[in-house]
Amino acid sequence: MTLSSVSKFWGAFAAVDDVSLDMADGEFVVLLGPSGCGKSTTMRMIAGLDDPTSGEIRIGERVVNDVPPGERDLAMVFQNYGLYPHMTVADNIGYPLKVAGVPRDERMRRVRAAAERVELGEYLDRRPSQLSGGQRQRVALGRAIVRTPKLFLMDEPLSNLDAKLRVYMRAELKHLQRELGTTTVYVTHDQVEAMTLADRVAVMSKGKLQQVGRPLDIYNRPSNVFVAGFLGNPPMNLITIHVTGGRVEGAHLTLDVPAGVNGSVTVGQRPEDMRLDAPDRANMAGEVYTTELLGDSALVTVKIGKDLISVKADKEVETRMGEQVGIRLDPKHLHFFDTASGKRIDVANGAAP
Ligand code: ATP
């Protein structure tokens with residue numbers, strides 16, 4: 001699947017702005033971004049439900065801009081599953097085959113095989129209203145895999161499930177996609193879902209592609225402030241400073257700034273790369289704002305000047321609200337961004353993971 005300079009305008013508003021993306025066969029790409037960033041519109045254009053204002057979409061070798069949705073050889077799974085309430089599970093799963101005119105016997109054979117794959121073999125005679133949310137979700141998946149399309153399109157398919165089921169279905173989905181080897185585009189605003197599922201993540205904001213890469217590469221080397229702040233839970237701490245001649249101006253942060261970093265700069269560091277320490281041994285110091293137990297660790301938020309800085313600490317940490325603590329930065333895991341453009345500043349050492 002290839003998008004070449006694809007844009008979608010609503011009047012003068014660019015919902016999708018010059019997006020290019022080349023996917024390998026069998027690849028799992030997640031379009032990730034906040035609400036309104038244009039990810040669903042991108043998906044709808046691939047599906048043929050919206051026409052691009054400009055640009056070219058190819059599935060396999062074929063340009064599909066003028067091909068109707070039903071002839072694009074793709075299967076879609078949406079957030080609301082789109083099941084037919086009056087049909088049984090078997091008929092819902094078999095619907096695409098019926099539309100394609102597949103004879104009844106073969107249809108039933110393939111429905112059973114697809115249902116087994118999504119572990120619904122025993123539910124074929126039920127109607128959607130007699131199923132749990134997770135089971136309905138699997139009916140929608142079953143319907144997608146009953147054919148072997150060139151492309152799967154999935155738009156937030158797990159978002160209606162409770163947290164535990166979502167984690168379970170996420171793993172199931174990933175396994176299934178690997179097994180089938182079908183090229184998949186998956187839309188979500190959930191960065192954990194993106195990181196866990198994707199071969200590559202395509203991060204979008206305001207209609208524009210911000211960065212495309214393997215999850216760990218994006219996590220370790222975000223190409224701009226937006227991506228840095230969007231991936232990671234809790235997100236990367238970002239502090240705006242002013243550097244003159246290698247020295248940080250202003251009282252809150254002491255730091256050896258690498259060569260090439262100058263002027264108005266945003267320093268980033270992930271909570272897991274920071275350490276609590278005595279205020280006189282630290283790069284910055286402030287008051288404990290909150291301490292939250294996460295389970296395997298504790299998140300200590302410290303107020304420094306106007307900034308709230310999050311540090312992942314040992315779960316046994318004993319910090320009291322209002323207490324003075326210091327934060328030590330790990331010089332090997334610092335990120336620098338130009339504050340005006342938001343772009344990553346590459347430095348010889350320090351910023352690389
Ligand atoms: P969400 O996660 O909330 O679904 P999204 O990233 O999928 O968000 P899109 O649905 O792709 O966002 O919408 C992108 C932008 O295009 C939004 O700002 C939306 O308001 C705008 N938009 C979508 N459809 C139309 C339309 N028919 N007319 C005008 N603007 C539209």
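Here a biologist quizzes a modeller about a predicted model, its ligand, its pockets and a few backbone oddities.

Biologist: Let's start with the ligand. What makes Ser-40 a polar contact of the ligand?

Modeller: The cut-off for a polar contact is a pair of N or O atoms within 3.5 Å. An N or O atom in the Ser-40 side chain sits 2.6 Å from an oxygen atom of the ligand, so the pair qualifies.

Biologist: And how do you know that Cys-37 and Trp-10 count too?

Modeller: Same test, because the limit is again 3.5 Å. For Cys-37 a polar backbone atom is 3.0 Å from a ligand oxygen. For Trp-10 a polar side-chain atom is 3.4 Å from a ligand nitrogen, so that pair makes the cut as well. As for cover, the ligand taken alone exposes 630 Å², and the protein buries 58% of that.

Biologist: Which elements give two or more residues to the shell around the ligand?

Modeller: Strand 2 (13-22) and helix 1 (39-47). Helix 1 has the largest share, with 3 residues. The shell includes Pro-34, Ser-35, Gly-36, Gly-38, Lys-39 and Thr-41, along with Phe-13 and Ala-15.

Biologist: How does that shell divide by residue type?

Modeller: Into 5 nonpolar, 5 polar and 1 charged. Gly-36 and Gly-38 are in the shell, and they go in the polar group because Gly is counted there.

Biologist: On to the pockets. Why is the largest one called a pocket rather than a cavity?

Modeller: It comes down to the terms: a cavity is a set of points the probe cannot get out of, whereas a pocket is an open set, so the name pocket says this space is open. Its volume is about 550 Å³.

Biologist: What lines the largest pocket?

Modeller: There are 20 lining residues, and Leu-74, Ala-75, Met-76, Pro-96 and Arg-147 lie nearest the centre. Strand 6 (74-78), helix 2 (89-99) and helix 4 (133-145) each give two or more residues, and strand 6 gives the most, with 5.

Biologist: What makes that lining mainly nonpolar or mainly charged?

Modeller: Just the tally: 14 nonpolar, 2 polar and 4 charged. Leu-74, Ala-75, Met-76 and Pro-96 are among the residues nearest the centre, and they count as nonpolar because Leu, Ala, Met and Pro are all listed in that class. Arg-147, also nearest the centre, goes down as charged because Arg is in that class.

Biologist: And what about the second largest pocket, what is its volume?

Modeller: About 220 Å³. It has 15 lining residues, with Ile-239, Thr-240, Ile-241, His-252 and Asp-307 nearest its centre. Strand 11 (237-244), strand 12 (247-249) and strand 17 (307-313) each supply two or more; strand 11 gives the most, with 3. The lining splits into 8 nonpolar, 4 polar and 3 charged.

Biologist: Which domains does the protein have?

Modeller: The domain assignment gives domain 1 (2-220) and domain 2 (234-338). Their centres, taken over C-alpha atoms, are 39 Å apart.

Biologist: What makes the bond between Asn-233 and Pro-234 worth pointing out?

Modeller: The bond is a cis peptide, with omega about -5 degrees. Most peptide bonds are trans. As for place, Pro-234 is in the loop between helix 8 (225-230) and strand 11.

Biologist: And what makes Ser-5 an oddity?

Modeller: Ser-5 has a positive phi, about 45 degrees, yet is not a glycine. Most residues other than glycine have a negative phi. Ser-5 is found in strand 1 (residues 2-10).

Notes
Residues numbered from 1 in each chain as written. Predicted model: local features only at pLDDT ≥ 70, side-chain atom pairs only at ≥ 80, totals over all residues. Heavy atoms only, no water. 1 Å grid on protein atoms, 1.4 Å probe; cavity = no way out; pocket = protein on both sides within 12 Å on 5 of 7 lines; lining within 4 Å. Points joined across faces, edges and corners; volume = space filled by probe spheres on them. Helix = DSSP H or I, 4+ residues; strand = E, 2+ residues; numbered from the N terminus. Near = heavy atom within 4 Å. Polar contact = N/O pair within 3.5 Å; in protein donor to acceptor, adjacent residues only side chain to side chain. Areas by Shrake-Rupley, 256 points an atom, 1.4 Å probe, with all protein chains shown as cover. Domains from an automatic or database assignment.
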